[in-house]
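Trainee: I should like to begin with this structure. May we go through it step by step?

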Amino acid sequence: MQLLKKYSMYIVRWQLSTPILYVVIWALTGIIDAIWITIIANFIGALIFFWVDKFIFRKKRSKIPLWEMKENVKCHDCETVGVGYRVVEWNGYSRVDDENPQYRCETCKAKKLLEVEKVANKNEKKTESVA
């Protein structure tokens, strides 16, 4: 359903580019060659629709952390062996492709969660200021 919504927005976005292209072509016809008119019209469209596309295709961020659990691992912090936990993804923090994942025991995961939360909140503020 989400993909259909994005696809529909993208189709509408392409239709919104038509008036921009038309105005540029209308204004420059007879003044310069068609190839230059096309280049200028597409350049103006790119300046405008880069921001629209960025909005349409923004990545949805999870408000709750995605955890991975693994048995019989050594805690990265205290070296206790047992069930290990790691935050894989959370609101801009991502370790999906981490080649050396760091698992933590039940006790140490709480400290790590606070640390990751600070990073996630900082990333969220950066994203809000850019958007």
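Trainee: At which residue does α2 bend?

Mentor: This is a predicted model. In it, helix α2 changes direction by about 40°. The residue at which α2 bends is Phe49.

Trainee: How far apart are the end C-alpha atoms of helix α2?

Mentor: Helix α2 covers residues 34-56, which is 23 residues. At 1.5 Å a residue, the helix should therefore span 33 Å. The value in the model agrees with this: the end C-alpha atoms are apart by 31 Å.

Trainee: Against which element do the buried residues of α2 pack?

Mentor: Buried here means under 20% relative accessible area. In α2 the buried residues are Ile37, Ala41, Gly45, Phe49 and Ile56. Phe49 is thus named twice, as a buried residue and as the place of the bend. The element against which the buried residues of α2 pack is α1 (2-28).

Trainee: What pattern does the protein chain follow along the sequence?

Mentor: The protein chain holds 3 helices and 3 strands. Read along the sequence, their pattern is α-α-β-β-β-α.

Trainee: Which strands are the edge strands of the open sheet?

Mentor: The open sheet has 3 strands in the order β1-β2-β3, with antiparallel pairing. An edge strand pairs on one side only, and the two that do so are β1 (66-74) and β3 (93-94).

Trainee: Which residue in β2 does Leu66 stand opposite?

Mentor: β1 and strand β2 (residues 81-90) pair in the antiparallel sense over 7 bridges. Opposite Leu66, in β2, stands Glu89.

Methods. Residues numbered from 1 in each chain as written. Predicted model: local features only at pLDDT ≥ 70, side-chain atom pairs only at ≥ 80, totals over all residues. Heavy atoms only, no water. Helix = DSSP H or I, 4+ residues; strand = E, 2+ residues; numbered from the N terminus. Expected span 1.5 Å × (residues − 1). Bend = angle between axes of the 7 residues up to and from the residue. Buried < 20%, exposed > 50% of the residue type's maximum accessible area, 1.4 Å probe, protein only. Contact = heavy atoms within 4.5 Å. Pairing = 2+ DSSP bridges.
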